Structure formats: C-alpha cells, structure tokens
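This briefing goes through one protein structure, topic by topic. Please keep the sequence and the 3D view open while reading.

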Amino acid sequence: PSMQSPESQLIFSSEKFESIRSFHFPVLHGHPMEIALQQQPTDSNRGEALQGPPTILLTDKYGNPTPNVAIQVDAKRGSEEIQFISGITRKRTGYDGMASFDDLVLPLNQELRLRFKANTAGSPEIESIQFSVKDK
C-alpha cells in the first residue's frame, strides 16, 4: 500500500509579479529500491541489546524515504544463521523510511553480521559490518 507524504505546494515567484501558490497536493513515494545502514551495530556485551542500535533507511529510486515496509533482520556467523535470545526481528519502516532494531540480544561470544531484508517485490537487502558479542 502506498503512503502519502505531507501535502506539498508549489510557489511561483517573479520580481515583476506577485507570488502565486498552487493547490496543496500529496507526494507519493516510489517502490522501495535501496536499503542502507544508517547505523551499524557495534561491539556489544552478550545478553544485552546490541549497541548502535542497528538502523536502516529504505528509499525509492529517487532517494525518497519509503514508509510502512516490513524489514526482517537475521544474525549470521559465516553462512550459519544464529537465533536471537530476544528482541523484535521484524519491524516496519517509519514515516521517515527508517527502522531501528534497538532491542536485539544475541547469546554468543563471537563475531557476527546482521542481514536486513525488505519484505517487498525485488526485496532489497544489506549486510552489516562484522561486529563482536563479548562476555562482560
């Protein structure tokens, strides 16, 4: 489902004439095309929420934020998928196209990566840099 941004208005102005304003109109975002990590996960303590917190931005081909799209996050060690102890692993992007995963907890004392995938046709995805989960 498409979501609308706040209504926009064009203003035409000239030195010789009075400014003219258009009617207000909605601006629609395009299909989600790119996912970017706005905040990478950083080294964290085992049993605590990941530091960062990992945050993504989903945009259309013009760079406009894409709201209300489900984003799934998985933890990987090499090709092995690692289960989270707790935290919400599927969130929707906000009005600004961003989703922050601020409550993810991993059980391991090792180096991992996170993979974020949009739940849309074409499914853009991105993988984080490697980070460590250590004992306190």
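A residue counts as buried under 20% relative accessible area, as exposed over 50%, and as partly exposed in between. The model discussed here is predicted. It has 12 strands and zero helices, and 33% of its 136 residues are buried.

**Overall build**

- From the N terminus on, every element in the run is a β element: β-β-β-β-β-β-β-β-β-β-β-β.
- The radius of gyration is 20 Å, whereas the globule rule gives 14 Å for 136 residues, so the protein is more spread out than a compact globule.
- Along the principal axes, the C-alpha atoms fill a box of roughly 70 × 30 × 20 Å.
- Of the contacts between residues at least 6 apart in sequence, 55% join residues at least 24 apart.

**The sheet E3-E5-E9**

- Three strands form an open sheet in the order E3-E5-E9, and their pairing is antiparallel.
- Strand E3 (34–39) and strand E9 (98–100) are the edge strands, each pairing on one side only.
- On average, neighbouring strands of this sheet are turned by 25 degrees against each other, with direction ignored.
- As general background, the strands of a sheet pair through backbone hydrogen bonds, either parallel or antiparallel.
- Five bridges join E3 to strand E5 (residues 55–59) in the antiparallel sense; Ile-35 has Leu-58 of E5 as its bridge partner.
- E5 and E9 also run antiparallel, joined by three bridges; here Leu-57 has Met-98 of E9 as its bridge partner.

**Strand E5**

- Why is E5 described as largely enclosed by the rest of the structure? Five of the five residues of E5 are buried, so the strand is largely enclosed.
- Thr-55, Leu-57 and Thr-59 point one way from E5, while Ile-56 and Leu-58 point the other way.
- The residues on both of these sides of E5 are buried.

**The aromatic pair**

- A search of the whole structure finds one aromatic pair.
- The pair is formed by Phe-101 and Phe-116, whose ring centres are 5.5 Å apart. With 55 degrees between the planes, the pair is classed as tilted.
- Phe-101 belongs to the loop between E9 and strand E10 (111–118), and Phe-116 to strand E10. The two residues are 15 apart, and the pair links distant parts of the chain.
- Phe-101 and Phe-116 are both buried.
- Lys-91 lies over the face of Phe-101, at 5.6 Å from the ring centre.

**Asn-64**

- Asn-64 is in the loop between E5 and strand E6 (70–77).
- Is Asn-64 buried, partly exposed or exposed? Its relative accessible area is 34%, so Asn-64 is partly exposed.
- Leaving aside neighbours within four places in sequence, Asn-64 is in contact with Leu-58 and Thr-59. Both of these partners are buried residues of E5.
- Asn-64 and Gly-47 are 17 residues apart in sequence, and their C-alpha atoms are 36 Å apart in space.

**Arg-115**

- Arg-115 is in strand E10, the strand that also holds Phe-116.
- Its relative accessibility is 22%, so Arg-115 counts as partly exposed.
- Arg-115 and Asp-74 are 41 residues apart in sequence, yet 5.2 Å apart in space, C-alpha to C-alpha.
- Asp-74 is also one of the contacts of Arg-115 once neighbours within four places in sequence are left aside. The others are Gln-72, Val-73, Lys-76, Glu-125, Ile-126 and Glu-127.

**Ser-128**

- Where does Ser-128 lie? Ser-128 is in the loop between strand E11 (125–127) and strand E12 (131–134).
- At 2% relative accessibility, Ser-128 is counted as buried.
- Not counting residues up to four places away in sequence, Ser-128 touches Leu-37, Gln-40, Pro-41, Arg-113 and Leu-114.

Methods:
Residues numbered from 1 in each chain as written. Predicted model: local features only at pLDDT ≥ 70, side-chain atom pairs only at ≥ 80, totals over all residues. Heavy atoms only, no water. Pairing = 2+ DSSP bridges. Helix = DSSP H or I, 4+ residues; strand = E, 2+ residues; numbered from the N terminus. Axes fitted to C-alpha atoms, helices over the stretch in contact; angles between N-to-C directions. Phe/Tyr/Trp six-rings, centres within 6.5 Å; stacked < 30°, edge-to-face > 60°. Buried < 20%, exposed > 50% of the residue type's maximum accessible area, 1.4 Å probe, protein only. Lys NZ or Arg CZ within 6 Å of the ring centre and 35° of its normal. Rg over C-alpha atoms; globule rule 2.2 N^0.38 Å. Contact = heavy atoms within 4.5 Å.
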